[in-house]
Amino acid sequence: LTGVTAAASRLQLAQPGIGVRVLVVLDSCTDGSAAIAATFTARNSCFSAVPVAFRSVGRSRRAGIWQVLGALSDDGPEAAAGLWLANTDADSVVPDNWLVGQLEIAAAGADAVLGSVEVDPAGVTPDLLSRWESMHPFAEDHPHVFGANFGIRGSAYLQAGGFPRHLAHEDRVLAARLREKGFDVRATDTVRVRTSGRTQAR
């Protein structure tokens with residue numbers, strides 16, 4: 001959340017007057033996530049949190065985005081076209097150019113931005129890290145999809161049907177739907193996110 005705050009601040013400096021909302025979806029959390037989120041919502045009016053009980057990353061992403069899109073339902077499709085939805089994960093840290101970089105690519109015509117990720121080496125064996133990096137080279141037009149670094153135009157999200165209610169791989173499904181429908185989907189390494197190297201999923 002500190003990384004997201006820095007990214008939002010840099011965007012607002014680069015584009016004064018732009019609206020930014022940060023929504024934290026807390027899905028069946030049993031740790032201190034809710035308390036941590038509460039400290040951010042208390043000191044920053046653009047932060048809010050919503051608890052859900054899905055135990056499903058697809059349903060959680062979908063619920064969070066509908067919280068935002070629902071507020072625009074009376075404003076017509078133009079409002080959704082002007083909305084950019086940047087997604088990341090709780091076990092990831094975004095760079096401070098994350099939002100600026102995604103919106104620059106969007107301004108160049110992209111409907112979705114698939115950013116790259118790098119694994120946090122803490123707690124990861126050198127062999128595992130080396131093998132992962134060999135399979136996920138850092139490059140433009142890479143073939144990978146990571147929910148921890150996924151941006152999409154609101155109108156494209158709606159037309160593609162949104163994130164599916166899947167337990168996993170909801171990001172890959174949405175990216176495939178976007179491409180099938182002819183949207184401009186761009187993969188980039190210019191806004192790289194650092195993510196956990198944990199091998200045990202929750």
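## Cores, sheets and ring contacts in a predicted model

In strand β2, Val52 is the bridge partner of Asp27. This pairing belongs to a predicted model, in which β1 and β2 (residues 47-52) run parallel and are joined by six bridges. Together with α2, these two strands form a β-α-β unit that is right-handed.

A second set of strands forms an open sheet of five, ordered β3-β6-β5-β7-β4, and its pairing is mixed. Its edges are β3 (84-87) and β4 (92-93); each has a single partner strand, so one side of each is left without a neighbour in the sheet. Within this sheet, β5 and β7 run parallel and are joined by seven bridges. One residue of β5 to follow here is Val113, whose bridge partner in β7 is Arg186.

The largest nonpolar core holds 27 residues, and those touching the most other members are Leu11, Val22, Phe47, Val94, Trp98 and Leu99. Two or more residues come from each of α1 (2-14), β1 (22-27), α2 (33-43), α5 (98-107), β5 (112-119) and β7 (185-195). The greatest contribution is that of α5, which gives six residues. Another core, of 20 residues, lies apart from this one and includes Leu83, Phe163, Leu178 and Val185.

How enclosed is α5 by the rest of the structure? Eight of its 10 residues are buried, so the helix is largely enclosed. The buried residues are Trp98, Leu99, Val100, Gly101, Gln102, Leu103, Ile105 and Ala106, and they pack against α1, β3, β5, β6 and β7. From the side of Leu11, the contacts beyond four places in sequence are Ile18, Val20, Leu99, Val100 and Leu103. Just after α5, Gly109 adopts a positive phi of about 115°.

Aromatic residues supply a further group of contacts. The structure holds five aromatic pairs. In the pair of Phe40 and Phe47, the ring centres are 5.5 Å apart and the planes meet at 40°, so the pair is tilted. Both partners lie under the 20% cut-off for burial: Phe40 has a relative accessible area of 9%, and Phe47 has a relative accessibility of 5%. Elsewhere, ring pairs link Trp66, Phe150, Tyr157 and Phe163 into a cluster.

Two arginine residues place their charged ends over phenylalanine rings, as tabulated below.

| Charged residue | Ring | Distance from ring centre |
|---|---|---|
| Arg61 | Phe163 | 5.7 Å |
| Arg192 | Phe138 | 3.7 Å |

Phe163 thus recurs in three settings: it is a member of the core of 20 residues, it belongs to the ring cluster, and the charged end of Arg61 sits over its ring.

Is Phe146, in the loop between α6 (126-135) and β6 (150-153), buried or exposed? Its relative accessibility is 16%, so Phe146 counts as buried, although it is found in a loop. Not counting residues up to four places away in sequence, Phe146 touches Gly115, Ser116, Val117, Trp132, His136 and Asp171. With Ser116, the separation is 30 residues in sequence, while the C-alpha atoms are 7.0 Å apart in space.

Technical notes
Residues are numbered from 1 along each chain as its sequence is written. This is a predicted model: local features need pLDDT of at least 70, side-chain atom pairs count only at pLDDT 80 or more; totals for chains, interfaces and linings use all residues. Side-chain values use heavy atoms; hydrogens and water are left out. A nonpolar core is a set of buried Ala, Val, Leu, Ile, Met, Phe, Trp, Tyr and Cys residues joined through side-chain atoms within 4.5 Å. Buried means under 20% relative accessible area, exposed over 50%, partly exposed in between (1.4 Å probe, protein chains only). Helices (H or I, at least four residues) and strands (E, at least two) are DSSP runs, numbered from the N terminus. Contact means heavy atoms within 4.5 Å. Two strands pair if DSSP finds at least two bridges between them. A crossover is right-handed if, with the strands pointing away from the viewer, the path from the first strand over the helix to the second runs clockwise. Rings of Phe, Tyr and Trp (its six-membered ring) pair if their centres lie within 6.5 Å; planes under 30 degrees apart count as stacked, over 60 as edge-to-face and the rest as tilted. A charge sits over a ring if NZ of Lys or CZ of Arg is within 6 Å of the ring centre and within 35 degrees of the ring normal.
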